[in-house]
Amino acid sequence: MNMENTKRKVAVIGTGFVGMSFAYAATFEGVCDELVLIDVNREKALGEAMDLNHGLAFCKANMHIYAGDYRDCRDADVAVICAGAAQKPGESRLALLQRNKIIFESIVSALQAADFNGIFLVATNPVDILTRLTGQLSGCPVHKVIGSGTTLDTARLRYLLGAHFKVDPKNVHAYVIGEHGDSELVPWSQAFIGTKPILEIVKEHPEQFRAEDLQSMATDVKEAAYKIIAAKKATYYGIGLSLLRIVKAVLGDENSILTVSTCLSSAYENTEAFAGVPCILGRNGVEGILKLHLTETEEQAFLSCVQNLDSIYSGCI
């Protein structure tokens with residue numbers, strides 16, 4: 001990271017709905033001192049920067065916001081990559097791979113040419129595959145290459161569980177892990193309300209709660225993006241806020257635990273795959289993986305998901 005001075009600088013690559021949802025949230029929160037917007041359509045980036053600047057008087061802190069190019073990334077702490085083809089109604093995230101692979105080769109090459117030495121944060125789908133591709137193309141240490149992973153899926157799950165059990169989602173401790181996509185899973189053995197296991201709550205109150213409702217919520221989380229895309233053509237607010245949370249954890253050196261997509265090799269043997277798992281995030285990126293104690297069934301489902309991602313990567317990249 002750029003730690004030689006105290007200025008916090010973030011580059012947003014791709015000023016579409018996702019990139020600008022993040023940029024808007026970052027501006028309102030004053031998450032950094034300098035925000036540079038980069039897009040192949042420079043005119044759009046200029047307009048977006050102007051629009052954000054006009055709202056600075058109402059925000060928490062002053063920021064330097066401008067449209068730039070890859071040369072402006074040289075001293076950036078984080079490059080948030082949101083560029084890429086959009087997911088079409090009914091299209092799986094993995095079907096996007098070949099279209100976005102070409103775009104990412106160009107982006108990473110341009111960042112390398114600019115001597116970028118910060119944290120890569122990938123949001124573009126299929127995020128697990130493209131984050132791994134970014135790591136391979138950049139040659140950066142894996143802890144500096146992060147995908148948004150299942151952070152949004154986890155937030156969706158906690159929202160649904162909070163509503164179901166009538167508690168603040170912030171007091172729900174449950175995770176979605178694996179692919180950000182159709183093979184993701186919820187390890188219910190590791191889900192808690194406060195310090196109370198959710199499975200125990202369900203067992204103790206059969207008149208109020210059913211195990212089938214939990215599986216229904218897991219399905220709702222998995223299918224949420226498809227429903228949103230069918231209704232409004234794209235998802236962007238939720239992922240924009242997820243990216244904001246990740247960037248805050250990195251720039252603030254928080255050592256917060258978030259389910260980002262990272263290389264699993266340090267915690268799981270015989271794989272270089274990237275997938276969403278609970279990670280400790282700080283100024284160096286992924287400071288460590290919090291390996292969950294899964295049941296045998298959960299472990300098999302997770303490993304199957306990882307093997308599938310590994311196979312797709314090997315076959316398509």
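**Exercise 1. Strand E5**

Which way do Ile119, Leu121, Phe120 and Val122 point from E5, and are they buried or exposed?

Solution. The model used here is predicted.
Step 1. Sort the four side chains by direction. Ile119 and Leu121 point one way from E5, while Phe120 and Val122 point the other way.
Step 2. Check the cover. Ile119, Leu121, Phe120 and Val122 are all buried, where buried means under 20% relative accessible area.
Step 3. Look for the partners of the strand. E5 is joined to strand E4 (residues 78-81) by four bridges, and the two run parallel. In this pairing Val80 has Leu121 as its bridge partner in E5.
Step 4. Turn to strand E6 (residues 145-147). Three bridges join E5 to E6, and these strands also run parallel. Here Val122 stands opposite Gly147 in E6.

**Exercise 2. Strand E1**

State how many residues of strand E1 (residues 9-13) are buried, and describe how E1 is paired with E2.

Solution.
Step 1. Count the buried residues. Five of the five residues of E1 are buried, so the strand is mostly covered.
Step 2. Sort the side chains. Lys9, Ala11 and Ile13 point one way from E1, and Val10 and Val12 point the other way.
Step 3. Note that Lys9 is among the buried residues of E1.
Step 4. Find the pairing. E1 and strand E2 (residues 34-38) run parallel and are joined by five bridges. Lys9 stands opposite Glu34 in E2.
Step 5. Recall the background. Strands of a sheet pair through backbone hydrogen bonds, either parallel or antiparallel.

**Exercise 3. Strands E10 and E11**

Why is strand E10 (residues 256-263) described as largely enclosed by the rest of the structure?

Solution.
Step 1. Count the buried residues. Seven of the eight residues of E10 are buried, so the strand is largely enclosed by the rest of the structure.
Step 2. Find the partner. E10 is joined to strand E11 (residues 274-282) by eight bridges, and the two strands run antiparallel.
Step 3. Pick one residue pair. The bridge partner of Cys263 in E11 is Phe274.

**Exercise 4. An open sheet**

Give the order of the strands in the open sheet that holds E8, and name the strands at its edges.

Solution.
Step 1. Write down the order. Three strands form this open sheet, E7-E8-E9, with antiparallel pairing.
Step 2. Find the edges. Strand E7 (172-173) and strand E9 (196-197) have a single partner strand each, so one side of each is left without a neighbour in the sheet.
Step 3. Examine one pairing. Strand E8 (residues 192-193) and E9 run antiparallel and are joined by two bridges. In E9, Lys196 stands opposite Ile193.

**Exercise 5. Backbone angles in loops**

Which peptide bond is cis, and what are the phi values of Asp115 and Asn255?

Solution.
Step 1. Start from the background. Most residues other than glycine have a negative phi, and most peptide bonds are trans.
Step 2. Identify the cis bond. The peptide bond from Asn125 to Pro126 is cis, with omega near 0°. Pro126 lies in the loop between strand E5 (119-122) and helix H4 (127-138).
Step 3. Take Asp115. Its phi is positive, near 60°, and Asp115 is not a glycine. Asp115 sits in the loop between helix H3 (97-113) and E5. With a relative accessible area of 55%, Asp115 is exposed.
Step 4. Take Asn255. Its phi is also positive, about 55°. Asn255 belongs to the loop between helix H8 (237-251) and E10. The relative accessible area of Asn255 is 45%, and the residue is partly exposed.

**Exercise 6. The whole chain**

How many helices and strands does the protein chain have, and why is it called as compact as a globular protein of its length?

Solution.
Step 1. Count the elements. The protein chain has nine helices and twelve strands.
Step 2. Compare with the globule rule. The radius of gyration is 19 Å, close to the 20 Å that the rule gives for 317 residues, so the chain is as compact as a globular protein of that length.
Step 3. Add the extent. The C-alpha atoms fill a box of roughly 60 × 45 × 40 Å along the principal axes.
Step 4. Add the cover. Of the 317 residues in the chain, 52% are buried.
Step 5. Examine the contacts. Among contacts with a separation of 6 or more, 70% are between residues 24 or more positions apart.

Methods. Residues are numbered from 1 along each chain as its sequence is written. This is a predicted model: local features need pLDDT of at least 70, side-chain atom pairs count only at pLDDT 80 or more; totals for chains, interfaces and linings use all residues. Side-chain values use heavy atoms; hydrogens and water are left out. The radius of gyration is taken over C-alpha atoms; the globule rule is 2.2 Å times the number of residues to the power 0.38. Buried means under 20% relative accessible area, exposed over 50%, partly exposed in between (1.4 Å probe, protein chains only). Contact means heavy atoms within 4.5 Å. Two strands pair if DSSP finds at least two bridges between them.
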